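Take a look at the protein below. We will walk through it step by step, from the inside to the surface.

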Amino acid sequence: MKLVFAGTPEVAVPALDALLASGRHEVAAVVTRPDAPAGRGRRLVASPVAERAEEAGIEVLKPVRPKDPDFLERLREIAPDCCPVVAYGALLPRVALDIPAHGWVNLHFSLLPAWRGAAPVQHAIMAGDEITGASTFLIEEGLDSGPVYGTVTEEIRPTDTSGDLLTRLAFAGAGLLAATMDGIEDGTLKPVPQPAEGVSLAPKVNVEDARVDWGTPALRVDRVVRGCTPAPGAWTTFRGERLKIVQARPVPERTDLTPGQLSAGKNNVYAGTGSYAVELLWVQPQGKKPMSGADWARGVRIAAGETLGD
């Protein structure tokens, strides 16, 4: 088939690579978000998908909005059979959805209908799920509600951050998306409507969602830290300044600390929760680089009874 691939961040690059390497389909063009300011100089930088497409000599389309007439006209000229999508980042209007003969097929990083929305991996970890995966589905105008072509499953490991898990899903999902394109072309795959039961939503995780509540159990604190790493980053406050919690570890044998209470030893620092303590393995004070929890504790000289949070 002739394909137009739509995607923007680094997590979409493995899927583009898989389609380029398949040898079975032609990636005629790539659709991605416009260049965005990045870094201290705030200079405009192309998306990772745009950079990869340019390396491969593929035409790159960067509409400000997918309903822009010039973009729609160019898409009609290319006349793709199908448009595979991975984390494109913009809502597709009906007029665009109707252009490819086989529609737009999205790779979504959950087992639909679970975790529809922008942050499925973060929510799966924060909810304590043990299994997640990726799904390919035909895009409709609803939120991730279209019929599903295929899925792959992935175990959530006890120490997984959302970054760790998303990286694995990006590569597993890349193979799924390529196989979905093959199945659509040869007619062996038909999309199956999602069940009405089991729907859950995964909206974007904002900074306030990432604030650690030390009154919750240690397992909940651990899930929030892992689910919000690397972004937006779990955080708390200490002496009135923000402190990012980069990595923590539940310690069931420490039950002597009240929520948020700190206890520092020579090589460890612990914080109390609503159940047992967590060890602060890595933290990042405001305006500084990440450091081990023990180094941070030595630097600030924690006083007896000091706590994290308000």
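Start with Cys82. Cys82 is buried, because its relative accessible area is 0%. Keep in mind that this is a predicted model. Next to Cys82 in the numbering sits Cys83, with a relative accessible area of 0%, so Cys83 is buried too.

How many disulfides does the structure hold? Zero. Why is Cys82 not bonded to Cys83? The closest cysteine sulfur to that of Cys82 lies in Cys83, 6.5 Å away, which is too far for a bond. A disulfide needs the two sulfur atoms within 2.5 Å. Seen from Cys83, the closest cysteine sulfur is that of Cys82, again at 6.5 Å and too far.

Now move to helix α1, which covers residues 13-22. Which of its residues are buried? They are Val13, Pro14, Ala15, Leu16 and Leu19. An α-helix has 3.6 residues a turn, so residues three or four places apart point the same way. What do the buried residues of α1 pack against? Their partners include three strands: β1 (2-7), β2 (26-31) and β6 (83-86). Helices α2 (48-55) and α6 (162-186) are partners as well. After α1 comes Gly23, and its phi is positive, near 75 degrees.

Finally, turn to the surface. Here Leu143, Val199 and Leu201 form a nonpolar patch. Together they have about 270 Å² of accessible area. Find Leu201 in the loop between α6 and α7 (218-227). Is Leu201 buried or exposed? Its relative accessibility is 53%, so Leu201 counts as exposed. The cut-off for exposed is over 50%.

Methods. Residues are numbered from 1 along each chain as its sequence is written. This is a predicted model: local features need pLDDT of at least 70, side-chain atom pairs count only at pLDDT 80 or more; totals for chains, interfaces and linings use all residues. Side-chain values use heavy atoms; hydrogens and water are left out. Buried means under 20% relative accessible area, exposed over 50%, partly exposed in between (1.4 Å probe, protein chains only). Helices (H or I, at least four residues) and strands (E, at least two) are DSSP runs, numbered from the N terminus. Contact means heavy atoms within 4.5 Å. Patches are made of residues with over 30% relative accessible area and no salt bridge: like charges are joined within 9 Å, nonpolar side chains (Val, Leu, Ile, Met, Phe, Trp, Tyr) within 5 Å. Accessible areas come from the Shrake-Rupley method with a 1.4 Å probe; for residues, only the protein chains shown count as cover. A salt bridge is a side-chain nitrogen of Lys or Arg within 4 Å of a carboxyl oxygen of Asp or Glu.
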